[in-house]
Amino acid sequence: MKFVYDFHEGNKDLKDLLGGKGANLAEMTNLGLPVPPGFTITTEACQEYLRHGTHVDGLPGEIDAHLATLEQAIGRRLGDSHDPLLVSVRSGAKFSMPGMMETVLNVGLNDESVAGLSRQAGGNDRFAWDSYRRLIQMFGKTVCDVPGGEFEDALHEAKTAKGVKDDVQLDADDLKALVTAYKKVFVKHTGHDFPQDPREQLDLAIEAVFRSWNADRAVLYRRQERIPADLGTAVNVVAMVFGNLGNDSGTGVAFTRDPASGEQGIYGDYLANAQGEDVVAGIRNTLALSELAKLDKRSYDELLRIMATLEGHYRDLCDIEFTIERGKLWMLQTRVGKRTAAAAFTIAAQLVDEGVIDLDEALTRVTGAQLGQLMFPRFDLSGDPAAVTRGIGASPGAAAGEVVFTSKHAVEAAAQGKAVILVRRETNPDDLPGMIAANGILTSRGGKTSHAAVVARGMGKTCVCGADQMEVGRDSFTIGSQEVREGDIISIDGTTGRVYLGEVPVRPSEVVQYFEGDLDPERANDPLVAAVHRIITHADGKRRLKVRTNADTGTDAARARRFGAQGIGLCRTEHMFLGDRRELVERLILARTETDRNDALAALQPLQRADFLDILREMNGLPVTIRLIDPPLHEFLPSLEELAVKVAVAQEQGQRVEQDVQMLAAVRRMHEQNPMLGLRGVRLGLVIPGLFAMQVRAIAEAAVALAAEGGNPRPEIMVPLVGAVQELETVRTEAEKIIAEVAGDSGVKVVIGTMIEVPRAALTAGQIAEAAEFFSFGTNDLTQMGWGFSRDDVEGAFFWRYLELGIFGISPFESIDTEGVGRLVRIAAEEGRATRPDLKLGVCGEHGGDPDSVHFFHEVGLDYVSCSPFRVPIARLEAGRAAVESEGSDHR
């Protein structure tokens with residue numbers, strides 16, 4: 001097995017093997033762009049290392065051979081004290097994971113070669129010692145787990161002693177002394193001196209990158225972004241080029257379009273006399289990329305040409321890292337850039353207009369998750385709130401919450417249900433848990449390419465960076481004389497970069513207003529709204545899956561229809577019995593005589609009929625699937641414990657409690673140890689005579705009433721919790737008699753089907769289809785019963801540990817478990833249609849609005865998904881994407 005590839009041996013399509021960074025370095029090399037020579041150690045080598053926890057057989061020899069080739073290309077040798085070759089060692093997984101894994105720069109420097117590096121640089125001692133201190137700092141923290149804060153403290157002390165604010169103001173002697181201080185920190189925490197053998201440095205750095213694949217922050221990021229845990233990372237060993245050689249050198253990050261808005265132009269950050277990590281870490285505030293034209297016009301013009309080449313080649317927004325070494329431009333990385341949700345839609349539409357991609361590909365360039373982000377509210381600035389400061393709007397959105405200053409505090413506060421804004425000078429990868437927990441991120445340093453900005457955009461979090469008027473302390477920040485302490489509330493606008501004290505009210509997003517048909521005409525031509533309209537209209541034309549909604553009221557049904565719902569896939573009738581009607585259901589369940597039961601049913605029927613008529617009117621002409629009542633009894637009965645205490649206290653005080661005593665006896669009689677597996681669904685309808693009959697009659701009467709108004713009712717009755725065909729046959733026989741009696745010659749037809757939510761129903765679907773005209777998969781209960789989980793109990797109890805251990809990549813209640821629960825769906829779909837070829841198949845669990853799950857349901861061959869009204873546009877988009885991707889795989 002080959003573990004190492006020179007850049008000229010790879011290409012952009014080998015991301016699985018070479019990782020994104022290595023594949024794209026290879027692609028740029030083959031395009032003839034100025035890329036420093038280097039080689040990539042494959043993801044397979046990482047997998048081998050992690051599998052065995054030791055050196056990989058054959059890898060050292062391959063590294064020797066490729067290192068020799070690199071040395072020959074550069075004309076320098078690693079470890080040569082007179083003319084040293086230095087290399088960077090950088091991670092690079094298949095999927096971009098910015099800042100989550102390790103990088104070590106300047107590998108190869110030691111006490112002797114630092115003088116040789118100075119001679120290479122024309123006697124520039126400051127540059128050489130600056131490079132050496134960076135190596136010790138990065139190597140110590142990355143490879144040997146030396147606390148990074150101690151290096152930062154030593155650097156701060158050096159700047160304080162010199163009376164300067166920035167690193168660049170330290171001279172060669174200051175940096176030489178800093179190297180000595182860093183070495184002491186290294187020895188203190190490792191028990192040995194900093195390694196002087198350059199090859200030892202290289203091998204240890206490579207192993208550190210391998211190990212970083214399973215670092216806590218990398219695991220957390222993968223979980224957040226749904227990146228598989230078994231991919232591993234490649235390692236890129238690249239000849240160093242130096243941006244810290246003086247003011248004619250520098251480093252930067254560029255985007256071919258604005259990653260925040262999608263606007264065309266030149267966007268990015270540049271730092272003179274710096275190395276790449278300085279830009280990404282936000283250690284110093286950067287210059288706008290346009291300023292490079294004033295500093296080095298030749299390099300700027302060459303960069304623009306390369307950016308145009310890369311965007312044309314990749315046919316997408318490109319994110320580029322570059323270094324200028326004494327006027328020579330070098331390309332260090334490119335990738336299809338992370339972008340905000342707004343930019344994703346805008347750029348996709350732009351590229352269609354430019355003839356670069358077609359609408360099918362545009363559809364694959366956006367996601368339902370991004371559309372969901374665009375539907376969140378924005379700040380309502382009609383009250384003209386005064387901004388206390390302004391930074392760089394790095395990731396759009398409106399976020400308000402209590403200020404916290406550490407990742408730990410953000411996680412703790414979020415666990416208590418608090419909305420928080422994480423405030424930092426700059427973030428680093430260790431802050432990832434807090435960034436995930438926070439509503440938004442605010443930093444005083446960095447720009448649109450800083451760690452905070454890139455990670456926030458990837459997660460869809462609101463972020464403002466580079467608010468440099470802020471002085472951030474341990475538990476407060478100040479802006480002039482204004483102090484904001486931990487726990488105070490602020491609001492941040494990730495579009496404008498403005499920061500407000502207190503909580504600013506929000507307004508609906510333009511995208512929601514577009515779906516509601518309530519958008520201000522002046523905004524109708526907004527590029528984002530136009531892009532969303534264009535792409536989702538195309539999705540509707542491509543998708544095979546229909547999209548319905550889960551709605552229990554006419555109001556919800558009307559909103560869902562405006563959002564594009566093609567019917568109701570789940571109307572939960574038990575939700576109609578809450579509030580003032582709860583007492584009627586309680587009377588029904590606890591009735592001891594036929595008269596009591598019939599009285600309760602008679603009181604409920606007109607209420608049900610009115611509910612159904614309201615919903616059928618709103619969905620006139622579209623199918624409405626009404627699930628017969630399916631309450632676990634405990635949801636409608638008084639609490640046994642509370643009622644027992646009430647009776648006991650009253651009796652102790654000598655009060656008359658005959659009614660409560662009777663109620664307590666009835667509740668004890670009906671009490672269940674596990675009500676989710678007890679008397680509910682079809683079982684309840686078979687045990688309580690007249691219950692289902694009352695609902696069926698109310699549905700039929702509502703449909704007849706709408707037909708009499710000239711409407712077109714399309715009711716579908718869904719029998720819940722069926723596990724055996726005999727249950728469904730019993731209910732169906734009674735229902736058909738009632739429907740025939742009520743409908744008469746009105747022409748009203750009522751379809752009868754069942755919910756597949758019990759594993760036995762899935763496994764006997766061929767039998768059940770004999771009595772069912774449709775199946776709707778209740779994937780919430782199917783997941784609970786398939787896994788043996790109680791959703792109400794397990795998510796907080798141990799799911800966090802299962803996610804941490806990698807047993808789950810994501811909660812099976814959030815995205816369908818395709819191997820287990822999904823297999824039950826597949827079996828039921830295939831066997832049901834084998835019995836009844838025209839069997840209609842849908843899903844009405846929460847998975848119906850989950851993007852990944854929608855793709856699975858398309859592949860299995862369902863007819864529709866159903867989800868909450870707000871998620872209808874998301875499901876429409878993903879159903880279209882699933883169809884396009886399916887066509888693409890068929891053509892392959």
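**Cysteines**

I started with Cys 46 in this predicted model. Cys 46 is buried, and its relative accessible area comes out at 0%. I then searched the whole structure for disulfides and found zero. Cys 46 is therefore in none; the nearest cysteine sulfur belongs to Cys 144 and is 19 Å away. I also looked up Cys 867, whose closest cysteine sulfur is in Cys 844, at 11 Å. That distance is too far for a bond, because a disulfide needs the two sulfur atoms within 2.5 Å. Cys 867 has a relative accessibility of 2% and counts as buried.

**Strands 26, 27 and 33**

I went next to strand 26, residues 546-550. Four of its five residues are buried, so I noted the strand as mostly covered. Which way do strand 26 and strand 33 run? They run parallel, and four bridges join them. Strand 33 covers residues 864-867. Across this pairing, Val 547 stands opposite Val 865.

Strand 26 also pairs with strand 27, residues 568-572. Here I found two bridges, and the pairing is again parallel. Asn 550 has Leu 570 of strand 27 as its bridge partner.

**Charges over rings**

I looked for charged side chains over aromatic rings. The charged end of Arg 548 sits over the ring of Tyr 864, 3.8 Å from the ring centre. Another entry is Lys 328, which lies over the face of Trp 330 at 5.0 Å from the centre of the ring.

**Aromatic pairs**

How many aromatic pairs does the structure hold? I have 19 on record. I took Trp 129 and Tyr 132 as one of them: the ring centres are 6.0 Å apart and the planes stand at 45°, so I wrote the pair down as tilted. An angle under 30 degrees would have counted as stacked, and one over 60 as edge-to-face.

Trp 129 and Tyr 132 both belong to helix 5, residues 125-144, and are three residues apart there, which puts about one helical turn between them. Trp 129 is buried at 15% relative accessibility. Tyr 132 is buried too, with a value of 0%.

The next pair I noted is Phe 798 with Tyr 802. Their ring centres are 5.0 Å apart and their planes are at 55°, so this pair is also tilted. Both residues lie in helix 32, residues 791-805, four residues apart, or about one turn of the helix. Are these two buried or partly exposed? Phe 798 is partly exposed at 25% relative accessible area, and Tyr 802 is partly exposed at 28%.

I went back to Trp 129 and Tyr 132 to see what else they join. Ring pairs link them with Phe 139, Phe 186 and Phe 194 into a cluster.

**The five-stranded sheet**

I traced an open sheet of five strands in the order 1-2-7-5-6, with antiparallel pairing. Which strands stand at the edges? They are strand 1, residues 4-6, and strand 6, residues 103-107. Each has a single partner strand, so one side of each is left without a neighbour in the sheet. On average, neighbouring strands of this sheet are turned by 20° against each other, direction ignored.

I checked the contact of strand 6 with strand 5, residues 87-93. The two pair over three bridges in the antiparallel sense. Arg 90 has Thr 103 in strand 6 as its bridge partner.

Two helices lie across strands of this sheet. Helix 1, residues 15-30, lies across strands 1, 2, 5 and 7, and runs at about 125° to strand 5. Helix 8, residues 198-212, lies across strands 2, 5, 6 and 7, and runs at about 150° to strand 7.

**Positive phi**

Last, I looked up two residues with positive phi that are not glycines. Asp 145 has a phi of about 60°. I located Asp 145 in the loop between helix 5 and helix 6, the latter being residues 148-162. With a relative accessible area of 66%, Asp 145 is exposed.

Asp 384 has a phi near 50°. Where is Asp 384 found? Asp 384 is in the loop between strand 13, residues 378-379, and strand 14, residues 387-390. Asp 384 is exposed, with a relative accessible area of 63%.

Note on methods:
Residues are numbered from 1 along each chain as its sequence is written. This is a predicted model: local features need pLDDT of at least 70, side-chain atom pairs count only at pLDDT 80 or more; totals for chains, interfaces and linings use all residues. Side-chain values use heavy atoms; hydrogens and water are left out. Rings of Phe, Tyr and Trp (its six-membered ring) pair if their centres lie within 6.5 Å; planes under 30 degrees apart count as stacked, over 60 as edge-to-face and the rest as tilted. Buried means under 20% relative accessible area, exposed over 50%, partly exposed in between (1.4 Å probe, protein chains only). A charge sits over a ring if NZ of Lys or CZ of Arg is within 6 Å of the ring centre and within 35 degrees of the ring normal. Two strands pair if DSSP finds at least two bridges between them. Axes are lines fitted to C-alpha atoms, for helices over the stretch in contact, and angles run from 0 to 180 degrees between N-to-C directions. Contact means heavy atoms within 4.5 Å.
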